[in-house]
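Hello,

Here is the structure I said I would pass on to you. Have a look at it first, and then read on for what turned up.

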Amino acid sequence: MGVIMNWFQSQSVVLQAFLAGLFTWGCTIVGSAIVFFFKHISRKLLDIMMGFAAGVMIAASFWSLLQPSIEYAENSYGSLAWLPAAIGFLTGGFFLRLIDAIVPHLHMTKEIEEAESIHTPREKKLSKTTLLFLAITIHNFPEGLAVGVAFGALASNPSPEAFIGAVGLAIGIGLQNIPEGAALSIPIRTDGKSRLNAFYWGSMSAIVEPVGALLGAVAVLSMTAILPYALSFAAGAMIFVVVEELIPDSQTNGNTDVATLGLMVGFVIMMILDVALG
């Protein structure tokens with residue numbers, strides 16, 4: 001393991017970002033493979049996993065993205081170091097809102113059961129599988145972007161702490177991608193698709209993560225001045241996903257207490273990865 005980490009650390013930050021994106025995609029593939037063993041999954045377990053994913057993303061948004069954004073801005077902005085973080089954070093949220101408004105999609109749990117009630121002509125042309133796939137794919141992109149920006153930032157701050165923080169972010173997002181893969185493949189299987197088809201859709205939903213990671217790393221390397229904005233943009237996009245998607249989906253099926261505890265466990269695990277390891 002040490003040899004692998006030494007090799008990984010010796011690579012360029014762009015390659016590191018891309019490999020980290022492949023890792024998070026791989027975790028989604030692992031989660032999607034659950035469909036080969038189960039056709040149905042407990043709604044309570046699904047809600048706990050959604051809560052866990054939300055907790056991981058909330059902690060990652062602060063410790064891996066917003067806090068470094070403010071730290072990077074201090075040299076250039078002084079007492080206004082909060083400004084890039086605030087602007088980037090809000091822009092990330094509004095960007096995801098715009099995407100949600102433009103692209104028709106389903107929420108990951110509750111709405112798949114209500115898909116037949118969709119009435120707009122544009123959405124009628126798309127299957128439930130496609131709508132659900134679009135939902136998770138849209139929300140995977142900012143996760144890949146966050147990983148890419150974190151590794152791209154190492155070019156400006158190549159400290160061991162920053163490196164471990166970026167690795168911790170990738171591990172945290174990878175952890176929450178496992179239940180996310182299951183959350184897509186299982187409902188698709190339940191809807192009558194084959195196991196292989198459900199696995200394919202679940203796996204491919206996160207192919208945007210290595211792409212986002214690559215774009216994030218290249219962007220901050222090309223324009224170092226945008227680094228604080230890029231970090232906080234990724235944080236805002238992730239928080240939008242959490243509040244608009246993960247938390248509501250985990251709280252609407254009568255499992256509010258265990259889903260909330262799942263969120264707290266996910267938050268603590270990501271906090272440990274970011275703080276104790278970084």
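How many residues does helix H4 have, and how far does H4 reach from its first C-alpha to its last? Helix H4, residues 82-102, has 21 residues and reaches 30 Å, close to the 30 Å expected at 1.5 Å a residue. Please keep in mind that this is a predicted model.

H4 also has two sides to look at. Pro84, Ala85, Gly88, Gly92, Gly93, Leu96 and Asp100 are the buried residues in H4. If you look down the axis of H4, these buried residues fall within an arc of 155°, so they line one face of the helix. Leu90, Phe94 and Ala101 are exposed on the other side of H4.

Next, the aromatic rings. Searching the whole structure gives eight aromatic pairs. In one of them, Phe8 and Phe163 have ring centres 6.0 Å apart and planes at 45°, so the pair is tilted. Phe8 belongs to helix H1 (residues 2-9) and Phe163 to helix H7 (residues 160-190), so this pair ties together parts that are 155 residues apart in sequence. Both Phe8 and Phe163 are buried.

A second pair to look at is Phe36 with Phe199: the ring centres are 5.1 Å apart and the planes at 50°, so this pair is tilted too. Phe36 sits in the loop between helix H2 (13-32) and helix H3 (43-77), while Phe199 is in helix H8 (residues 195-204), and the pair links parts of the chain 163 residues apart. Are these two rings buried or exposed? Phe36 counts as partly exposed, at 38% relative accessibility, and Phe199 is partly exposed with a relative accessible area of 21%. Coming back to Phe8 and Phe163, ring pairs join them with Phe151 into a cluster.

Now for the pockets. The largest pocket holds about 420 Å³ of space. It is lined by 19 residues, and the closest to its centre are Trp63, Pro68, Glu71, Glu161 and Ala162. H3, H7 and helix H11 (256-275) are the elements that give two or more residues to this lining. H3 gives the most, with six residues. By class, the lining of the largest pocket divides into 10 nonpolar, six polar and three charged residues.

The second largest pocket has a volume of about 300 Å³. Of the 12 residues that line this second pocket, Met5, Phe8, Phe23, Val167 and Ile171 are the closest to its centre. You will recognise Phe8 from the ring pair with Phe163. H1, H2 and H7 each supply at least two residues of the lining of the second largest pocket, and H1 gives the most, with four. What classes of residue make up the lining of the second largest pocket? The lining has 12 nonpolar residues, with no polar and no charged ones.

One last residue to find in the viewer is Asp47, which is placed in helix H3. Asp47 counts as buried, at 0% relative accessibility. Its C-alpha atom is separated by 8.9 Å from that of Ile247, and the two residues are 200 residues apart along the chain.

Happy to talk any of this through whenever it suits you.

Best wishes

Technical notes: Residues numbered from 1 in each chain as written. Predicted model: local features only at pLDDT ≥ 70, side-chain atom pairs only at ≥ 80, totals over all residues. Heavy atoms only, no water. Phe/Tyr/Trp six-rings, centres within 6.5 Å; stacked < 30°, edge-to-face > 60°. Buried < 20%, exposed > 50% of the residue type's maximum accessible area, 1.4 Å probe, protein only. Expected span 1.5 Å × (residues − 1). Arc of directions from axis to C-beta. 1 Å grid on protein atoms, 1.4 Å probe; cavity = no way out; pocket = protein on both sides within 12 Å on 5 of 7 lines; lining within 4 Å. Points joined across faces, edges and corners; volume = space filled by probe spheres on them. Nonpolar A, V, L, I, M, F, W, Y, C, P; charged D, E, K, R; others polar.
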